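Colleague: I am new to reading protein models, and I would like to learn how to look at a sheet and a metal site. Could you take me through one case?

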Amino acid sequence: MQPFSRRDILAGAAVAILPPPLAWAAGRRQEIILARMTFGPAPKGLQVGDTIVWINRDLFRHTATARDFSFDVDLPPNAEASVVLAHAGMVAVYCRFHPGMNLQLEISE
Ligand SMILES: [Cu+2]
């Protein structure tokens, strides 16, 4: 009789690669709402490790795309998506479908 099947080992590996919950909880949750073809205001005091939750309340599909390529989020209507801020600095964000939609994020250490 074998103590572990191959399936048990694979399931264990899948669990091991999930991010630890504490890492997620380390930063704060900051929401930015997209509506009427604009980004909502950038939250003040953004820090590395914070999670931005992009929420599309518009009738149109948008993206939240960083000009420095640090993230690129697709946002169909009523979708939301999270981005964990990985580095400090000024990050310009735009929508790939509507280049007039712009937002500047100021992220500190
Ligand atoms: Cu857009």
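**Reading the strands and the copper site**

Modeller: Let us begin with a single pair of residues, Tyr94 and Asn102, the latter lying in strand 9, which are bridge partners of each other. Please keep in mind that this is a predicted model.

Colleague: How many bridges join strand 8 and strand 9, and in which sense do the two strands pair?

Modeller: As a general idea, strands of a sheet pair through backbone hydrogen bonds, and they do so either parallel or antiparallel. Here strand 8, made of residues 89–94, pairs with strand 9 in the antiparallel sense, over six bridges. Strand 3 and strand 9, by contrast, run parallel and are joined by two bridges, with Leu46 standing opposite Ile107 of strand 9.

Colleague: In what order do the strands of the sheet lie?

Modeller: The sheet is open and holds five strands in the order 3-9-8-5-6, with mixed pairing. Strand 3 (46–47) and strand 6 (72–75) each have a single partner strand, so they stand at the edges and one side of each has no neighbour in the sheet. At the strand 6 end, strand 5 (residues 62–66) is joined to strand 6 by four bridges in the antiparallel sense, and Ala64 has Val73 as its bridge partner there.

Colleague: Which side chains of strand 9 point to one face, and which to the other?

Modeller: In a regular strand the side chains alternate between the two faces of the sheet. Strand 9, residues 102–108, shows this: Leu103, Leu105 and Ile107 are buried and point to one face, whereas Asn102, Gln104, Glu106 and Ser108 point to the other face and are not buried.

Colleague: Which residues coordinate the copper ion?

Modeller: To read a metal site, one looks for the donor atoms. The copper ion is held by ND1 of His62, SG of Cys95 and ND1 of His98, at 1.9 to 2.1 Å, and the spacing of these donor residues in sequence is H-x32-C-x2-H.

Colleague: Why does Cys95 count as buried, and why does His98 count as partly exposed?

Modeller: The answer lies in the relative accessible area, for which buried means under 20%. Cys95 has 0% and is therefore buried, while His98, at 21%, counts as partly exposed because partly exposed lies between 20% and 50%.

Colleague: How many helices and strands does the chain have?

Modeller: The chain has two helices and nine strands, and of its 109 residues, 32% count as buried.

Notes:
Residues numbered from 1 in each chain as written. Predicted model: local features only at pLDDT ≥ 70, side-chain atom pairs only at ≥ 80, totals over all residues. Heavy atoms only, no water. Donors = N, O, S within 2.8 Å, 3.2 Å for Na, K, Ca; no water. Buried < 20%, exposed > 50% of the residue type's maximum accessible area, 1.4 Å probe, protein only. Pairing = 2+ DSSP bridges.
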